[in-house]
Amino acid sequence: MNTTVFKMFAAAQPGIEAVTAWELVRLGVTPRMLPGGAEFSGPLSLLYRTNLWLRTASRILVRVAEFKALGFKEVVEKVARRPWELYIDPVKPLQLRCTCRKSRLYHSGAVAERVRAGIEKRLGTQLQDAKEGVQDAQMVIVRVARNVCTVSIDSSGRHLHKRGYRKQAGPAPLRENLAAALLFISGWDEESPLMDPFCGSGTIPIEAALLATGTAPGARRPFSFQGWRNFDKELWESLLAQARTGEAHHRPSISGSDADLEMVKIAKANCAAAGIEGRIDFRCLDASAAMPTGGKRGWIVTNLPYGARLQDGEGDGIRRWIKGLRRFDGWWLTVLCPKRMGRRLFPRLRPLVRFSNGGIEVEARGGWL
Ligand SMILES: C[S@@+](CC[C@H](N)C(=O)[O-])C[C@H]1O[C@@H](n2cnc3c(N)ncnc32)[C@H](O)[C@@H]1O
């Protein structure tokens, strides 16, 4: 059994770090929240569990080296002392990302070169360089801040929002991890009805159904750590098996609708790919025609159309929908859209969280109707 205690970092999109830290607490961890994520430590099983279960994180990094660095030679030597052979496969390409801040070593390209030299020295071989964004590349992330150099290896591989179910999407899909974050900050109880009347490719209702059924978001995708020399296949398979048997059987009414029939077809296909076919009621409807379902209380969580598309008459559709919200007395509403649009359309809702979505600053506002 591997008894090593790993120092790890769950990277999260700026704005939702607190949600990721809260998810870590739910996994029984005491995290330290930092800009861009949360730091925590624990055994190999925790590395696997966080990759498997965290719904809002972007990736899980393992801190391999942390040292004071004032000169380049020192970087090569200190990096070379770490057990890179446990993580790096010498035949796979290596990608390095480096940032330097408030430090004597300020040239990120030069630092990255020395880190690579240190890893190569340890492994006794030269590594291929991976181009940015190449699938299956091993990624090492270097951060130099106030003369302290932290070198981490990415254990996730593909970004964690890529659960594997979204085979197709519309022009403005919401990342799966951000959809999950919206559900958490909405305070949905996982049992009351949940509705997304602008559902597009279905991300919010699908994430809601995964949550309600206790389905691990990472159960259907590969991870980089599976290629590491310290990969414990038996442990990983036991965690996967536990995740499958532990699936809860809440059956809340979850629905998604969209005015575009093509989007509804895509949402249904994505739902089937997520292994929860039939759990969500997807329909082609104008949002203003969506009616409350199943009980007095429910949640509407939605990502409104915005930007250039509003010029094609979508603004009128949103106004019609807002007028009809009277029918949803007693329901909770969370809307995600650019800040000014949200303030103008929903002055009574309060701001919940702000982050960047596809390069646009957006805000979620929420409140009881
Ligand atoms: C920002 S996208 C939603 C993206 C979605 N969250 C996803 O992850 O794919 C907005 C969606 O609203 C739909 N839409 C626009 N006007 C509508 C209306 N009046 N009623 C229903 N759906 C509408 C568009 O077809 C589009 O799919």
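I began with the hairpin of the predicted model. Strand S13 (residues 350-357) runs antiparallel to strand S14 (residues 360-368), and seven bridges join the two. I looked up a partner in this pair and found arginine 350 standing opposite glycine 366 in S14. Two residues lie between the strands of the hairpin, and I noted glycine 358 there with a positive phi near 60 degrees.

**Entry: the sheet that holds this hairpin**

I traced the strand order next and read S10-S9-S8-S11-S12-S14-S13, an open sheet of seven strands with mixed pairing. S10 and S13 are its edge strands, each pairing on one side only. On average, neighbouring strands here are turned by 15 degrees against each other, direction ignored. For a parallel pair I took S11 and strand S12 (residues 332-338), which are joined by five bridges. In that pair I found threonine 302 opposite valine 335 in S12. Helix H6 packs on this sheet and touches S8, S9, S10 and S11; I noted about 170 degrees between its direction and that of S9. Helix H8 lies across S9 and S10 and runs at about 165 degrees to S10.

**Entry: helix H6**

How many residues of H6 are buried? I found 10 of its 10 residues buried, and the helix is mostly covered. The buried residues include Thr203, Pro205, Glu207 and Leu211. I then asked what covers the buried residues of H6. The cover includes two helices, H5 (176-186) and H8 (261-273). It also includes strand S8 (194-196), strand S9 (254-258), strand S10 (280-284) and strand S11 (299-303). Glycine 214 follows H6 and has a positive phi, near 65 degrees.

**Entry: the ligand**

I listed the shell around the ligand and got 22 residues, with Phe198, Gly200, Ser201, Thr203 and Gly317 the closest. Helix H6 (203-212) and helix H9 (314-324) are the elements that give two or more residues to this shell. I sorted the shell by class: 12 residues are nonpolar, six are polar and four are charged. Thr203 drew a second look, since this residue is among the closest to the ligand and is also one of the buried residues of H6.

**Entry: alanine 216**

I stayed on the chain after H6 and stopped at alanine 216, in the loop between H6 and helix H7 (233-245). Why does alanine 216 count as buried? Alanine 216 has 21 C-beta neighbours inside 10 Å, and the cut-off for a buried residue is 20 or more. Leaving aside neighbours within four places in sequence, I found alanine 216 in contact with Leu52, Trp53 and Ala243. I checked the spacing to alanine 243: the two C-alpha atoms are separated by 6.4 Å, with the residues 27 apart along the chain.

**Entry: the other sheet**

Trp53 and Leu52 sent me to helix H2 (residues 44-53). H2 lies across strand S1 (6-11), strand S3 (37-42) and strand S4 (59-68), and runs at about 10 degrees to S1. These strands belong to an open sheet of seven, in the order S2-S3-S1-S4-S7-S6-S5, with mixed pairing. I identified the edge strands as S2 (32-34) and S5 (94-101), each of which pairs on one side only. Neighbouring strands of this sheet are turned by 30 degrees against each other on average, direction ignored. I looked at one antiparallel pair in it, strand S6 (residues 138-145) with strand S7 (residues 148-154), and found six bridges. Alanine 145 stands opposite valine 148 in S7.

**Entry: helices H3 and H4**

I followed this sheet to H4, which lies across S5, S6 and S7 and runs at about 135 degrees to S5. How do helix H3 and helix H4 pack, and at what angle? I noted an angle of about 35 degrees between H3 (residues 72-80) and H4 (residues 108-123), with the axes 7 Å apart. The crossing of H3 past H4 is right-handed. On the H3 side I listed Phe72, Val75, Val76, Val79 and Ala80. The H4 residues they meet include Val111, Arg114, Val115, Gly118, Ile119 and Arg122. By class, I recorded 10 nonpolar residues, one polar and three charged in this contact.

Definitions and conventions: Residues are numbered from 1 along each chain as its sequence is written. This is a predicted model: local features need pLDDT of at least 70, side-chain atom pairs count only at pLDDT 80 or more; totals for chains, interfaces and linings use all residues. Axes are lines fitted to C-alpha atoms, for helices over the stretch in contact, and angles run from 0 to 180 degrees between N-to-C directions. Helices (H or I, at least four residues) and strands (E, at least two) are DSSP runs, numbered from the N terminus. A crossing is left-handed if the near helix is turned anticlockwise from the far one by less than a right angle, and right-handed if clockwise. Two residues are in contact if their C-beta atoms, placed from the backbone, lie within 7 Å. Ala, Val, Leu, Ile, Met, Phe, Trp, Tyr, Cys and Pro count as nonpolar, Asp, Glu, Lys and Arg as charged, and the others, Gly among them, as polar. Two strands pair if DSSP finds at least two bridges between them. A residue is near a molecule or strand if its C-beta atom, placed from the backbone, lies within 6 Å of it. A residue is buried if 20 or more other C-beta atoms lie within 10 Å of its own, exposed if 12 or fewer, and partly exposed in between; C-beta atoms are placed from the backbone.
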